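Work through the following exercises with the sequence and the predicted model side by side. Each task is followed by a solution in steps.

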Amino acid sequence: MALDRLRTVTRTVRGLLQHPGYEGTRVTPRRMLNLSLNRWEHRKLRTRLRSYPIKLIVEVTNICNLGCPACFTGDGQQGRARGHISPELYAKVLDELAPYLWRVEFCNWGEPLLGRNIYPMIAQATARGVSSLISTNFSVPFDAEKAEQLVRSGLTVLGVSLDGARQETYEKYRVYGKLDTVLRNCRLVLEAKRKLRSKTPKMIWSFHVFPHNVDDVEPARAMAAELGMEFALEKGWVVGEEWDPDGRYCYFSDPRPFPCIALWEYAVVNNDGGVAPCCGTFYREDDVGQLAGATTAGAVTFRDVWNGRALRRARGFYTSRTGDDDARRSICFDCPQTVIWERWQHHWTGGGRPESFRPGFGVNDIFMYFWRRGAELKTNGARRGSAR
């Protein structure tokens, strides 16, 4: 019995201290302490946290040059005013969070390489010993000088969304994108890496497979190898029903029961200083807080939002999914991840086995929950307006 307890404790400690896998991060005692505390508070479903998030997602800009049909921005939806995050706001957030962060991701609902000050922003994270990532369509104006700026910034990972090996298939999803431009820009970064003798950024060819580009998978894999890029293949989500539920392609992960990682481990700061509960949300109405900026009122520190009423309430749904009308309007209340966890609790306490549990949602269903949110917000707004 004592040996079993020792093994359990050992596994728990290892889990709390396991490296999160963000390459390029400078490991420090403060980061490790915050990491283990964050994971412990997550396991215990704490709503008020002493720990800070371990990853920061920054919406450098919500402007994009493409019209991807399963993207809010590409579809022309308006979640908040178009613009760029101010260098002052970014620096303020980074000053507070950098000692605890393992990664900064400079992308969400816009094209990060169209963002102002993107290169110095990456460099600031690098100087703090924080890993960094950009996901770009890379069909943007770019040259050798910008390629060297990108490499010198210390960017850790450059993910390139490239869903085709031919222009006619590539542009069906990456609407207005130019395949030749993307490939040329990839070569410019490779040349800059060689010139500066830099191992970073690691370059990843990110291929989302759809019915129209299945035949391009293997040619694209070969092209990625020629460019020295890693090839990452995953199934693309679509507006409507999942396009191939029983096919051979998989999403990045399957839905499973766990308390939402974003509410405990991630921070999402939009271009206007609005703090979102996760990277799936798009509309300003779903923000859980607002950071004060030069022209906007709001929370003085990120911690004020991190332990604010809205985020504490969202975390509380994983203990009891109840609340008044205001709570029920929260995007987290009916989020499939929240519902899956509630179903799992009923399943487990009722004597169900893990292997017999069915989440009831697929990845495309989760995407569609967020996609339909705009219509729900309009309906709720109309109802509140008529009630007044």
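**Exercise 1.** Determine how far apart the mean positions of the positive and negative charges of the protein are.

*Solution.* Begin by counting the charges, which gives 56 positive and 43 negative ones. Then take the mean position of each set; the two means are 7 Å apart.

**Exercise 2.** Decide whether the radius of gyration agrees or disagrees with that of a compact globule.

*Solution.* For 388 residues, the globule rule leads to a value near 21 Å, and because the protein has 22 Å, the two agree. As further description, the C-alpha trace spans about 55 × 55 × 50 Å along its principal axes, and buried residues make up 52% of the 388 residues.

**Exercise 3.** Classify the aromatic pair of Tyr173 and Phe210, and state which parts of the chain the pair ties together.

*Solution.* The protein has 20 aromatic pairs by the ring-centre criterion. In the pair of Tyr173 and Phe210, the centres are 4.8 Å apart with 20 degrees between the planes, and since planes under 30 degrees apart count as stacked, this pair is stacked. Tyr173 belongs to helix α6 and Phe210 to the loop between β5 and α8, so the pair ties together parts that are 37 residues apart in sequence. Both residues, Tyr173 and Phe210, are buried.

**Exercise 4.** Describe how Phe367 and Trp371 are arranged.

*Solution.* These rings form a tilted pair, 5.5 Å centre to centre with 40 degrees between the planes. Phe367 and Trp371 both lie in helix α14, 4 residues or about one turn apart, and both are buried. Finally, ring pairs link Phe367 and Trp371 into a cluster with Phe72, Trp109, Trp237, Phe282 and Tyr283.

Notes: Residues numbered from 1 in each chain as written. Predicted model: local features only at pLDDT ≥ 70, side-chain atom pairs only at ≥ 80, totals over all residues. Heavy atoms only, no water. Rg over C-alpha atoms; globule rule 2.2 N^0.38 Å. Buried < 20%, exposed > 50% of the residue type's maximum accessible area, 1.4 Å probe, protein only. Lys, Arg positive; Asp, Glu negative; His and termini not counted. Charge placed at Lys NZ, Arg CZ, Asp CG, Glu CD. Phe/Tyr/Trp six-rings, centres within 6.5 Å; stacked < 30°, edge-to-face > 60°. Helix = DSSP H or I, 4+ residues; strand = E, 2+ residues; numbered from the N terminus.
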